Amino acid sequence: MIVACLLPNALASLKSIFTQEVYTRISERYGNTASREISEWNELLVDLQADDIDEKLYSVNRFFNRFDFVSDIEHWKVSDYWATPIEFIATGAGDCEDYAIAKYFSLIELGIPESKLRLMYVTALRLKQPHMVLAYYDTPTSVPLVLDNINKRILPANKRRDLAPIYSFNGEGLWAAKAMGNGRKLRGGGSMKMWDDMIARLDEVIEGK
C-alpha cells in the first residue's frame, strides 16, 4: 500500500453518475439490486445537502460501513485494487481503501472542501497491518475526526490509540505523519496510477465504454 504521488482533481466525475443511462449500465453489469443501491446513495446525498457537518459525516460513515469487508485478493483476485464507489456499492464489499475513497467522494459531493479531507494511511496496531481511514479537519490545525470501517464510531484521532499514522494525502498534497493529526507537508500535486486507474474505470461506466 505505497502511494507514490497524489490525487489529480478528478472528482467532477461523480456529478455524472446519477443518470438513467448509468443506472441501466450498472444493472446490465452488476444486476438490478446494484442499481437500486446506487440510487440509494444518490438519495442519501440529496437528503444530506442541507444538513450540518456532523450529520453529513455520521450518515456517510454509516452508509458505507454497512458493506462487507473483503480483501482485494479474495474480491478482485489481485493484491491491491482501489474500487470505484460504484464497484464498491454494486458488489457490496471492499477493503479499507474502498470505504475511505467512497466516503471521500461523497463528502466532497456534499460540499465539504477537499482541503478538510485527507485519506490517511495508518498501521492498525491490533491487526498488525496497514490500513486506510478518512480524516476530517475542521481547521488546518485541528485534531481530525476519523471515519473508519474498523471502529465505526467517529472519534478524534488522538482517541484512536489503536492506529499509528504513516502519512495522509488528498488532491492538494502529501503529509508526513506527526502523531494522529497534522504533519509536515511534503509535496504538491502529481499523478497516481491507482487513482488514475480507478477514475478511468469510473469514466467507463459513466460514458458507456
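In this predicted model, helix α1 spans residues 20-30, and its buried residues are V22, Y23, I26 and S27. Viewed down the axis of α1, these buried residues fall within an arc of 140°, so they line one face of the helix. The elements that cover them include α2 (32-48), α5 (85-91) and α7 (193-207). Just after α1 comes G31, whose phi is positive, at about 110°.

**Overall composition**

The protein chain contains seven helices and nine strands. It has 209 residues, of which 51% count as buried. Taking contacts between residues at least 6 apart in sequence, 60% join residues that are at least 24 apart. The chain exposes about 9,900 Å², and carbon and sulfur atoms supply 51% of that area.

**Nonpolar cores**

In soluble globular proteins, nonpolar side chains tend to be buried together. Here the largest nonpolar core comprises 49 residues, and the members with the most contacts inside it are I17, I38, W41, F64 and L107. Helix α6 (residues 96-109) gives the most to this core, contributing nine residues. Another core, of nine residues, lies apart from it; M120, A135, Y137 and A157 are among its members.

**Aromatic pairs**

The structure holds 15 aromatic pairs. A pair of aromatic rings is described by the distance of the centres and the angle of the planes. Two of the pairs are set out below.

| Pair | Centre to centre | Angle between planes | Arrangement |
|---|---|---|---|
| F63 and F64 | 5.0 Å | 85° | edge-to-face |
| F105 and W195 | 5.6 Å | 20° | stacked |

The planes of F63 and F64 stand at 85°, so this pair is edge-to-face. F63 is buried, with a relative accessible area of 9%, and F64 also counts as buried, at 0% relative accessibility. F64 is, in addition, one of the residues with the most contacts inside the largest nonpolar core.

The stacked pair of F105 and W195 links distant parts of the chain: F105 belongs to helix α6 and W195 to helix α7, 90 residues apart. Both of these residues are buried. Helix α7 is also among the elements covering the buried residues of α1.

Ring pairs further link F18, W41, F63, F64, F67, F88 and Y99 into a cluster. W41 and F64, both in this cluster, are also named among the residues with the most contacts inside the largest core.

**Two buried loop residues**

Is R160 buried or exposed? This arginine is found in the loop between β6 (155-156) and β7 (163-170). Its relative accessibility is 2%, under the 20% limit, and R160 therefore counts as buried. The side chain of R160 makes a polar contact, at 2.8 Å, with the side chain of D162. Leaving aside residues up to four places away in sequence, R160 touches V146, D148, N151 and L155.

P144 lies in another stretch, the loop between β4 (129-136) and β5 (145-147). With a relative accessible area of 0%, P144 is buried. Eleven residues along the chain separate P144 from L155, and their C-alpha atoms are 8.5 Å apart. L155 is thus a point of reference shared by both loop residues, since L155 is also among the residues that R160 touches.

Notes: Residues are numbered from 1 along each chain as its sequence is written. This is a predicted model: local features need pLDDT of at least 70, side-chain atom pairs count only at pLDDT 80 or more; totals for chains, interfaces and linings use all residues. Side-chain values use heavy atoms; hydrogens and water are left out. Helices (H or I, at least four residues) and strands (E, at least two) are DSSP runs, numbered from the N terminus. Buried means under 20% relative accessible area, exposed over 50%, partly exposed in between (1.4 Å probe, protein chains only). A polar contact is a pair of N or O atoms within 3.5 Å; within protein, one must be able to donate a hydrogen and the other to accept it, and residues adjacent in sequence count only if both atoms are side-chain atoms. Contact means heavy atoms within 4.5 Å. The arc is that of the directions from the helix axis to the C-beta atoms. Accessible areas come from the Shrake-Rupley method with a 1.4 Å probe; for residues, only the protein chains shown count as cover. A nonpolar core is a set of buried Ala, Val, Leu, Ile, Met, Phe, Trp, Tyr and Cys residues joined through side-chain atoms within 4.5 Å. Rings of Phe, Tyr and Trp (its six-membered ring) pair if their centres lie within 6.5 Å; planes under 30 degrees apart count as stacked, over 60 as edge-to-face and the rest as tilted.
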